[in-house]
Amino acid sequence: MVSGRDNPSDPRDASSRDKLNDAVTELRRLTSEQLLQSMQRLCDVGSIGDGDSASVESVRRLQLRSTGCLRVAAELEAAARCCRLIEQELRQEIDQLLVSPSGQAGFPGNGGPAEQAGKGHRGISLRSWLRAISPHSQPAHGPPGESGTAVPMAPERGSLVLPPRPVPEASRPDADVAAMTLGPLEVIVAGRRVLRWNSLKARAVFQYLLIHRERPVRRDVLMELQWPEHTHTSARNNLNVALHSLRNTLDGPWQNLQPVLYQDGCYELNPRLTWWVDHDEFLSALSRADAHRAAGQLRPAIYHYQRAVQLYRGPLFEDDLNGGWYLPEQRNVTELYLRALETLGDIYFDLGDLASAECSAKLALFRDPCCEPVHRVLMRCYAAQNKQQLVTRQYRLCVGALRDELAVTPGAETLRLFLDLTSASR
């Protein structure tokens, strides 16, 4: 039975495809050279005044410049909306390609099941969408390698060991407030998505409270974190304003319940409300997966590792360019995500499911081409299939990635594995 999402004749699928086509077309128009030239002209402020005194002509030029700035700002905002729509569709496309409805692993661009289906997955591959957006660029996800040599992003055949039950959608949890922090911040309050933050400081405070939900946060900590250069009174006033905005943003249909509580000089998210945070779910899934693996229960371990992988949309608070306190945790979460994929690759390899092991490893390299353990997983997979040329190529890709990105050479374990695998074939 073909699901409505994968049926090319399904009107919902056609509508989604049309929206994505329109977004790509509009984005290409908005980011054309004409817009860039307009921005360059607006940056040339020398022509506004005559250099001597204000005049009617100077005022007229300033008005024209102001109108031009508003027009460019509107077009840039429209381009940003297109990017967000395309990103959402691409993330759904990646989720679809990870496990196809038939249970086969498939990634775009390698002739695998996802593309062999022809009309499946909205009738077009992820790589094709990337080409449509930027027709002259190289694929963004390809790991560095030899000139003219492309590495397939997934195995050509094979099936994934499916989890015992479907992984619930992270974007629609049953909670009063749901916060997706892995990737761009997304917040859903009583089923309503927060589309705009009236105060970036309110968002920053909320982010801190989310990550430190296990204990109340002292007011002085928030003041020092967000307003370090202000006086105590000024910082406290600014914090009060930010919290007022935050409470309005998180306001829901619950009566007499404040989403943010203050007691004994500390703030915390109201525990009487139901909170769902993907960061917490991610760590919980990994903890359960590790416990099941240690007990030799591989099927439940695979399920929880897969769930953690699906929860990870990107680095923690990926769209926050102003904060810095979360960077250590951001690195930690990314490393845990890569370790989950590496462990999945090892489990699949031990089970003899080489296709799924390759799929997990290449998904990890999509995020970090310099992850040596994942390169080793792929080398072992190719060696098990007597594909010695791919073993050598994967090692060279690893060498190139480490050299180009980190200016280092592979570690002793990687070199030793390469020599063992290649010498065994001689």
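Me: Is leucine 239 buried or exposed in this model?
Reply: Keep in mind that this is a predicted model. Leucine 239 is found in helix α8, residues 232-249, and has a relative accessible area of 0%. Buried means under 20%, so leucine 239 counts as buried.

Me: Which residues does leucine 239 touch, not counting residues up to four places away in sequence?
Reply: For some context on spacing, the C-alpha atoms of leucine 239 and aspartate 220 are separated by 9.8 Å, with their positions 19 residues apart along the chain. Contact here takes heavy atoms within 4.5 Å. With that cut-off, the residues touching leucine 239 are Val205, Arg219, Leu222, Met223, Trp227 and Tyr267.

Me: Which helix gives the most to the largest nonpolar core?
Reply: In soluble globular proteins, nonpolar side chains tend to be buried together. Here the largest nonpolar core has 80 residues, and those with the most contacts inside it are Val187, Phe206, Leu246, Leu250 and Phe282. With nine residues, the top contributor to this core is helix α11.

Me: How far does α11 reach from its first C-alpha to its last?
Reply: α11 runs over residues 327-350 and is followed by glycine 352, whose phi is positive, near 85°. With 24 residues at 1.5 Å a residue, 34 Å is expected for α11, and the model comes close to that, at 35 Å.

Me: Which residues does phenylalanine 282 touch, leaving out those up to four places away in sequence?
Reply: Phe282 is among the residues with the most contacts inside the largest nonpolar core. Its partners outside that sequence window are Leu182, Ala308, Leu311, Tyr312, Val333, Leu336 and Tyr337.

Me: What about glutamine 306: buried or exposed?
Reply: Glutamine 306 has its place in helix α10, residues 298-311. Beyond its neighbours within four places in sequence, glutamine 306 is in contact with Leu344 and Tyr348. Its relative accessible area is 12% and the cut-off is under 20%, so glutamine 306 is buried.

Me: How many of the residues of α13 are buried?
Reply: Helix α13, residues 372-384, has 13 residues and reaches 19 Å, close to the 18 Å expected. Its buried residues include Glu372, His375 and Arg376 as well as Val374, Leu378 and Met379. That leaves α13 mostly covered, and the count of buried residues is 10 of 13.

Me: Are α13 and α14 roughly parallel or roughly antiparallel to each other?
Reply: Two packed helices are described by the angle between their axes and the distance between the axes. For α13 and helix α14 (residues 388-406), the axes are 8 Å apart and the angle is about 170°. Angles over 145 degrees fall in one class, so α13 and α14 are roughly antiparallel.

Me: How do the residues of the contact of α13 with α14 divide into nonpolar, polar and charged?
Reply: On the α13 side, Leu378, Met379 and Tyr382 are among the residues that meet α14, and the α14 side includes Leu390, Val391 and Leu397. Glu372 in α13 and Gln388 in α14 take part too. The division is 10 nonpolar, three polar and one charged.

Me: How far apart in space are glutamine 385 and leucine 354, C-alpha to C-alpha?
Reply: Glutamine 385 lies in the loop between α13 and α14 and is partly exposed, with a relative accessible area of 25%. Leaving aside neighbours within four places in sequence, glutamine 385 is in contact with Leu354 and Glu358. Glutamine 385 and leucine 354 are 31 residues apart in sequence, and their C-alpha separation is 8.5 Å.

Key: Residues are numbered from 1 along each chain as its sequence is written. This is a predicted model: local features need pLDDT of at least 70, side-chain atom pairs count only at pLDDT 80 or more; totals for chains, interfaces and linings use all residues. Side-chain values use heavy atoms; hydrogens and water are left out. Helices (H or I, at least four residues) and strands (E, at least two) are DSSP runs, numbered from the N terminus. The expected span of a helix is 1.5 Å times one less than its number of residues. Buried means under 20% relative accessible area, exposed over 50%, partly exposed in between (1.4 Å probe, protein chains only). A nonpolar core is a set of buried Ala, Val, Leu, Ile, Met, Phe, Trp, Tyr and Cys residues joined through side-chain atoms within 4.5 Å. Axes are lines fitted to C-alpha atoms, for helices over the stretch in contact, and angles run from 0 to 180 degrees between N-to-C directions. Angles under 35 degrees count as roughly parallel, over 145 as roughly antiparallel, 65 to 115 as roughly perpendicular and the rest as oblique. Ala, Val, Leu, Ile, Met, Phe, Trp, Tyr, Cys and Pro count as nonpolar, Asp, Glu, Lys and Arg as charged, and the others, Gly among them, as polar.
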